[in-house]
Amino acid sequence: MSVSLPESQGQKAGQWGRAWEVSGVTTLSTFLIITTTPLMVFYFFIACTHYGGSLTAPLIGLWSGEITLATLWSQVPALSLDAFAIFGVWFLFQLVSYLFLPDVLHYFLPHYKGGTHLGSITPAGNRLSYQINGLQAWCLSHVVFFTCAWYFNLFSPTIIFDNWGGLLWVTNIFGNILALFVYIKANYFPTNQEDRKYSGNLLYDYYMGIEFNPRIKNFDFKLFFNGRPGIVAWTLINLSFMAAQYSMYGTITNSMILINILHAIYVLDFFWNEAWYLNTIDICHEHFGWMLSWGDSVWLPYMYTLQGLYLVYNPVEISTGYTLAILTLGVIGYWIFRSANSQKDLFRKSDGNTLIWRKKPEIIECEYLSADGKMRPSKLLVSGWWGVARHFNYTGDLMGCLAYGLACGFDHFIPYFYLVYMTILLVHRCIRDEHRMRYKYGQAWQEYCRRVPYRLIPGIF
Ligand code: NDP
């Protein structure tokens, strides 16, 4: 099956990156996101630390007059010098690891694909190279943390939990400074003039970003901030929560162990497949603005680890059968997520010359117009998971998110927040991506949608 399309039939040059026209509603939503999401993270933190994980208790307290806004304000954590020091050391450690750690792991793990990799062609026709060494950074960070905490007793393993409130301030300050910096950089000293996009709306540009791949020499902002300080910390944050649970109750609940295992699978998978990450929407289509600067610095480390924090204050013990059922759900979800992503990755790398589910894949040939005015050939995969639904990788991801929530029981909403957030994010992403794909591939995309009519769940959506 071959569908190729000239520009007149629907493709438009420059329809890359974020493709929306900015309406008044978008501007208002952008303003609301920038102003309310930081408050939301503080609110969730206080709900866990002072209200037993209940999101409604503070509101009911305010409504009934049991507490006042002053009470809530007094529960906001304090900014501390210790938190600044911890963040500074962590950030520098990750920065040095990112820039200088050599690719040695492949000597021990022959299937690990570290080293130099090329990214996708950017809209302006550039192809950037990346140094992949995240797995090394993750291993080294954990070895150093364990050695300092348990062998040299330099600090308590609960250090992250103990300073979690202070760090919330520091990461917020850092995320906002970073957003301002990349905005100024995009305007005055961009890495690549052509790989910038302005919407004509200052707030929206600040929020979504202007530069596509901001860099300073070899330092790539998007790969580093999306994939290092927050994600490497994710498993350490969980471990610190586990240590805190032990120090508070003298025991570690099976739900806490389960959350640590399920999250660790996701994090390790990310680093094992870091080269694959270069071909995801995050790297290929997102600009770097407030959304990623603040999101990587605050939202990811705080909201993705909420289940662990919740379990420190609500130690939930679950039955063995239930534990196994959730583990199975999480592992199947992960397997779908990984195998779908790997199928597309393999398909792209081999230019379609591969086997999917042991068969030659069905392909839709297409081409698209890049911003430099050249037509470039491409292909769409219609086999494997990509023939089941157009984003079945998201479905696998969401099954994992459901498992994280279920592991924490049913007393409160907080453990399920991640599932709700990811559902909104991934459904919105489906729509955004498909909007872009329709412009990019024109009739070929329509043909794909005809052959694979559902996005996430066959027969339903
Ligand atoms: P995808 O991996 O689904 O990538 C979408 C891109 O793949 C499209 O833009 C298109 O790119 C290409 N594509 C789409 N359909 C086809 C097809 N049939 N054949 C060939 N190429 C196709 O999306 P993401 O990058 O968003 O997600 C990657 C993973 O990361 C997912 O599993 C997701 O669940 C996960 N994720 C996790 C998040 C988190 O915070 N935990 C956040 C976001 C994602 P092109 O223009 O190159 O053709």
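In this predicted model, 27 residues surround the ligand, each with a heavy atom within 4 Å of it, and the closest are I281, D397, R429, R436 and Y441. Residues are numbered from 1 along each chain as its sequence is written. Local features need pLDDT of at least 70 and side-chain atom pairs count only at pLDDT 80 or more, while totals for chains, interfaces and linings use all residues, and side-chain values use heavy atoms, with hydrogens and water left out.

A good place to start is the set of polar contacts, that is, pairs of N or O atoms within 3.5 Å. A polar side-chain atom of Y304 sits 2.6 Å from an oxygen atom of the ligand, and R348 likewise places a polar side-chain atom 2.6 Å from a ligand oxygen. For K344, an N or O atom of the side chain is 3.1 Å from an oxygen atom of the ligand. Of the 920 Å² that the ligand exposes when taken alone, the protein buries 92% (accessible areas by the Shrake-Rupley method with a 1.4 Å probe).

Two or more residues of the shell come from each of α14 (281-285), α17 (320-349), β6 (375-381), α19 (392-407) and α20 (414-441); here helices are DSSP runs of H or I with at least four residues, and strands are runs of E with at least two, numbered from the N terminus. The biggest share is that of α20, with nine residues. By residue class, the shell holds 15 nonpolar, four polar and eight charged residues (nonpolar: Ala, Val, Leu, Ile, Met, Phe, Trp, Tyr, Cys and Pro; charged: Asp, Glu, Lys and Arg; polar: the others, Gly among them).

Helix α17 also meets helix α12 (residues 254-272): their axes, lines fitted to C-alpha atoms over the stretch in contact, with angles from 0 to 180 degrees between N-to-C directions, come within 11 Å and cross at roughly 10°. The two helices are therefore roughly parallel to each other, a term for angles under 35 degrees. Their contact (heavy atoms within 4.5 Å) includes L258 and L262 of α12 and Y334 and F337 of α17. The contact residues divide into eight nonpolar, three polar and two charged.

Key. Polar contact = N/O pair within 3.5 Å; in protein donor to acceptor, adjacent residues only side chain to side chain. Parallel < 35°, antiparallel > 145°, perpendicular 65-115°, else oblique.
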